[in-house]
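Biologist: I've got a chain open on my screen and I'd like to talk it through with you. Can you take my questions one at a time?

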Amino acid sequence: MTTVAVQTQARRKKSPLAGYLLRRAGTSVLLLIGVTVVTFLLTNLVPGDPVSAALGEGASQNPATREAFIKAQGLDQPLFVQYFIYMGKLLRGDLGTSLVTGQPVTADLATAVPATIEIALCAIVLSLAVSLVLGTLAAYRRGMVTDQIVRVVTLIGLSVPTFWLALVSFYVFFLNLRIAPGSGRVSPSIIPPPRVTGLYTIDYLLNGDGVGWADAMAHLALPVMVLSLVTIGLLTRFIRTSVLEVLDSDYVRAARAKGLPAMRVVLDYVLRGAALPVLTVVGVAFGSLLSGTVLVESVFAWPGLGTYAYNSAANLDLPGIMGVGLIVGVIYLVINFIVDLLYGVLDPRVRIA
């Protein structure tokens with residue numbers, strides 16, 4: 001074959017993945033616009049008086065002050081005009097000013113989101129590592145004592161309420177045993193690290209501060225343990241089911257018939273075949289951890305996205321509520337895009353179709 005023919009064939013081989021990514025990116029942009037519409041509409045349907053929440057009961061009773069605020073915020077405009085004003089500010093990175101903290105919502109989220117990412121990332125990594133072992137072991141020991149024990153343990157993990165588990169962990173390990181810190185990201189005597197990523201454990205390492213890193217890891221232990229125990233139950237049961245389906249496939253039987261080592265069969269054939277459906281569940285679980293840690297963060301006084309969302313909702317902080325809603329939507333879009341990307345990389349049938 002000539003050089004030109006080889007290059008043309010190479011481009012054709014690459015084009016399915018490129019086209020697949022472009023389609024997914026275009027879909028994500030449309031979904032992001034939809035998220036802004038839903039967030040804006042739902043926030044405007046929240047019961048209560050935003051003017052009173054912003055100005056206070058005293059100032060909101062003054063007709064002149066009230067009218068000036070309404071005009072300044074564009075609340076006297078039709079709803080679709082208000083949406084375009086909101087989008088214009090959003091494109092400039094302006095999410096408004098929080099009525100609770102008095103700071104720009106972007107500044108508040110820049111602090112809250114990394115705090116939640118830190119515990120969610122640690123929890124999903126730990127959960128996936130443990131679930132891969134337990135789920136695969138249960139599938140290989142199907143119907144045996146090991147399988148029954150794993151299924152019972154995971155059922156308990158799924159049944160226990162997260163807030164109850166957090167309260168019990170706080171009471172036992174902090175109040176009674178005193179073997180774990182109770183609240184916050186670091187101890188009061190430890191200075192927070194210079195901000196680089198917003199993740200304290202990483203920023204302490206980048207700063208070469210071993211003492212701060214150890215203290216930050218200690219504060220992560222309890223909330224990560226609570227979130228992991230619940231997530232392990234979900235992932236283990238799903239991995240067990242996926243591995244069982246792959247174990248019955250012809251190519252796994254052929255690999256065993258060839259006399260390949262058991263570990264190679266597990267890693268190269270079983271887990272790889274079960275990876276696609278597991279990716280979806282891991283993505284959903286990670287998104288749930290990022291957006292649903294309100295109760296755990298409240299128990300451990302963790303200054304993350306959940307705590308910020310609760311305070312915004314409790315005080316009718318509409319800019320804060322809209323900011324949290326937008327961030328949660330973006331989180332799910334990004335996670336779904338990454339999962340779709342991994343699907344296309346791992347399975348050529350997905351990108352070709």
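Modeller: Sure, and one term up front: a nonpolar core is a set of buried Ala, Val, Leu, Ile, Met, Phe, Trp, Tyr and Cys residues joined through side-chain atoms within 4.5 Å. Keep in mind that this is a predicted model.

Biologist: With that in hand, which residues touch the most other members of the largest nonpolar core?

Modeller: That core holds 61 residues. Helix α9 gives the most to this core, with 11 residues. Apart from it lies another core, of five residues, with Val186 and Tyr200 among them. Within the largest core, the residues touching the most other members are Tyr86 and Leu109.

Biologist: What is Leu109 in contact with, leaving aside its neighbours within four places in sequence?

Modeller: Contact here means heavy atoms within 4.5 Å. On that basis the partners of Leu109, leaving aside neighbours within four places in sequence, are Leu95, Pro114, Leu305, Tyr308, Gly323, Val324 and Ile327.

Biologist: Let's zoom out. How many helices and strands does the protein chain have?

Modeller: Of the 353 residues in the protein chain, buried ones make up 37%. Among contacts with a separation of 6 or more, 73% join residues 24 or more positions apart. As for secondary structure, the count is zero strands and 16 helices.

Biologist: How are α6 and α9 oriented to each other?

Modeller: The axes of α6 (residues 145-159) and α9 come within 7 Å and cross at roughly 135 degrees. The crossing of α6 past α9 is left-handed. An angle of roughly 135 degrees falls outside the parallel, perpendicular and antiparallel ranges, the last of which starts over 145. Therefore the word for α6 and α9 is oblique.

Biologist: How do the residues of that contact of α6 with α9 divide by class?

Modeller: On the α6 side you'll find residues including Asp147, Val150 and Arg151, and they meet α9 residues including Leu229, Arg237 and Arg240. Sorted by class, the contact of α6 with α9 comes to four charged, four polar and seven nonpolar.

Biologist: And how do α10 and α11 run relative to each other?

Modeller: The axes of α10 (residues 250-257) and α11 (residues 262-273) come within 10 Å, crossing at roughly 175 degrees. Tyr251, Val252, Ala255 and Arg256 of α10 make the contact with Val265, Tyr269, Val270 and Gly273 of α11. By class, that contact has six nonpolar, one polar and one charged residues. Angles over 145 earn the label, so α10 and α11 are roughly antiparallel.

Biologist: Is Ser242 buried or exposed?

Modeller: Ser242 sits in helix α9 (residues 210-247). Leaving aside neighbours within four places in sequence, Ser242 is in contact with Ala274, Pro277 and Val278. The cut-off is under 20% relative accessible area, and because Ser242 has 6% relative accessibility, it counts as buried.

Biologist: What about Arg178, buried or exposed?

Modeller: Arg178 is in the loop between α7 and α8. Its phi is positive, about 55 degrees, although Arg178 is not a glycine. With 58% relative accessibility, and so over the 50% limit, Arg178 counts as exposed.

Biologist: One last residue: what is the relative accessible area of Ala301?

Modeller: Ala301 is in the loop between α13 (294-299) and α14 (305-314). Phi of Ala301 is also positive, near 50 degrees, in a residue other than glycine. Ala301 is partly exposed, and its relative accessible area is 43%.

Note on methods:
Residues numbered from 1 in each chain as written. Predicted model: local features only at pLDDT ≥ 70, side-chain atom pairs only at ≥ 80, totals over all residues. Heavy atoms only, no water. Helix = DSSP H or I, 4+ residues; strand = E, 2+ residues; numbered from the N terminus. Buried < 20%, exposed > 50% of the residue type's maximum accessible area, 1.4 Å probe, protein only. Axes fitted to C-alpha atoms, helices over the stretch in contact; angles between N-to-C directions. Parallel < 35°, antiparallel > 145°, perpendicular 65-115°, else oblique. Nonpolar A, V, L, I, M, F, W, Y, C, P; charged D, E, K, R; others polar. Left-handed = near helix turned anticlockwise from the far one by under 90°.
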